[in-house]
Amino acid sequence: MPTLLITGANRGIGLEFTRLFASDGWRVHACCRHPEKAGDLKALNGDIELHRLDVTNGLQVSSLARQLAGEGIDILLNNAGAYGPRSGFGETDFDSWQPVFEVNSFAPLRMAERFVEHVVASDLKQIVNISSQMGSMARNASGGAYIYRASKAALNSLCKSLALDLAAQGITVVMFHPGWVRTDMGGKEADISAAESAVGMRKVIAGLTAADNGRFFNYDGEQIPW
Ligand SMILES: NC(=O)c1ccc[n+]([C@@H]2O[C@H](COP(=O)([O-])OP(=O)(O)OC[C@H]3O[C@@H](n4cnc5c(N)ncnc54)[C@H](OP(=O)(O)O)[C@@H]3O)[C@@H](O)[C@H]2O)c1
């Protein structure tokens with residue numbers, strides 16, 4: 001069966017993705033910062049191997065890549081994300097800027113650099129990045145959220161280059177807006193459940209072809225403008 005490696009697998013959308021792929025029979029490398037506290041993740045059935053991974057820790061990322069050397073990873077799913085402080089204009093906490101960028105923007109690129117050989121060695125060769133339409137200039141109708149928006153816009157920019165750079169190796173790189181999702185990040189008032197979001201993206205992922213390389217999708221398959 002194919003193999004998935006996912007970050008931020010312990011809760012929210014990452015947990016639902018893990019449940020979904022594992023129940024489809026995939027082998028899942030489920031990464032999270034604190035496996036000892038990941039009760040919901042440990043309760044899932046299937047071929048799931050837990051790994052301790054703070055995506056901002058370059059040594060941990062390299063060490064996991066070495067540990068899995070020689071194993072094909074069909075989908076590298078960069079899901080872990082952080083919102084940072086919810087502050088408006090005039091209240092920006094500049095000290096929070098870098099930590100949010102480290103998770104949302106730097107980490108997916110580092111993961112791609114460290115795991116590219118694993119992806120190349122697989123059948124599907126896909127890198128999926130959970131972005132947000134908050135990173136879209138065209139969809140910004142409400143302003144604010146300076147740090148989060150900028151971090152996801154940076155992710156989209158990085159992934160567009162990744163898509164172009166890795167195409168020659170047969171890799172398809174895509175970005176998703178998962179919808180406004182009822183998780184710790186999205187809040188209770190959000191539109192859809194984490195399960196609905198993951199099921200939607202799973203369907204789109206299953207239909208991806210090389211022609212989709214570099215595209216930015218909504219969870220329902222609609223393409224999102226930059
Ligand atoms: N919910 C929404 O409405 C929404 C909308 C657009 C985009 N997104 C994106 O969707 C993705 C998943 O979000 P979610 O809604 O499921 O959020 P969530 O429930 O807040 O979960 C965030 C996940 O990211 C992990 N994480 C944060 N920092 C990390 C780090 N340094 N290393 C490893 N893992 C880290 C968290 O781990 P811990 O438990 O250890 O903190 C947790 O597993 C994110 O990229 C988010 O930006 C969400």
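This report covers the sheet, the helices packed on it, the ligand site and one residue of helix α1 in a predicted model.

## The sheet

Seven strands form an open sheet. Their order is β3-β2-β1-β4-β5-β6-β7, and the pairing is parallel. The edges belong to β3 (47-52) and β7 (216-218). Each of these has a single partner strand, so one side of each is left without a neighbour in the sheet. On average, neighbouring strands are turned by 20° against each other, direction ignored.

At the β7 edge, the partner is β6, residues 172-177. The two strands pair in the parallel sense over three bridges. Met175 has Phe216 in β7 as its bridge partner.

## Helices across the sheet

Helix α3 spans residues 58-67. This helix lies across β1 (3-6), β2 (27-32) and β3. Its direction is at about 145° to β3.

Helix α4 spans residues 97-120. The strands it lies across are β1, β4 (75-78) and β5 (126-130). Relative to β4, α4 runs at about 170°. Strand β1 thus appears under both helices: α3 lies across it, and α4 does too.

## The α3–α4 packing

Two packed helices are described by the angle between their axes and the distance between the axes. For α3 and α4, the angle is about 10° and the axes are 10 Å apart. Angles under 35 degrees count as roughly parallel, and α3 and α4 are therefore roughly parallel to each other.

The contact involves named residues on both sides. From α3 come Gly58, Val61, Ser62, Leu64 and Ala65. They meet Arg110, Met111, Arg114, Phe115 and His118 in α4.

## The ligand site

The ligand is surrounded by 28 residues. The closest are Asn10, Arg11, Arg33, Tyr148 and Thr183.

Polar contacts include one from a side chain: an N or O atom of the Arg33 side chain is 2.6 Å from a ligand oxygen atom. Backbone atoms also take part. An N or O atom in the backbone of Asn79 lies 2.8 Å from an oxygen atom of the ligand. For Val181, a backbone N or O atom is likewise 2.8 Å from a ligand oxygen. On its own, the ligand has 900 Å² of accessible area, and the protein covers 93% of that.

## Leu20 in helix α1

Leu20 is part of helix α1, residues 12-23. Leaving aside residues up to four places away in sequence, Leu20 touches Ala198, Val199 and Arg202. Leu20 and Lys152 are 132 residues apart in sequence. In space, their C-alpha atoms are 25 Å apart.

Methods: Residues are numbered from 1 along each chain as its sequence is written. This is a predicted model: local features need pLDDT of at least 70, side-chain atom pairs count only at pLDDT 80 or more; totals for chains, interfaces and linings use all residues. Side-chain values use heavy atoms; hydrogens and water are left out. Two strands pair if DSSP finds at least two bridges between them. Helices (H or I, at least four residues) and strands (E, at least two) are DSSP runs, numbered from the N terminus. Axes are lines fitted to C-alpha atoms, for helices over the stretch in contact, and angles run from 0 to 180 degrees between N-to-C directions. Contact means heavy atoms within 4.5 Å. A residue is near a molecule or strand if one of its heavy atoms lies within 4 Å of it. A polar contact is a pair of N or O atoms within 3.5 Å; within protein, one must be able to donate a hydrogen and the other to accept it, and residues adjacent in sequence count only if both atoms are side-chain atoms. Accessible areas come from the Shrake-Rupley method with a 1.4 Å probe; for residues, only the protein chains shown count as cover. Angles under 35 degrees count as roughly parallel, over 145 as roughly antiparallel, 65 to 115 as roughly perpendicular and the rest as oblique.
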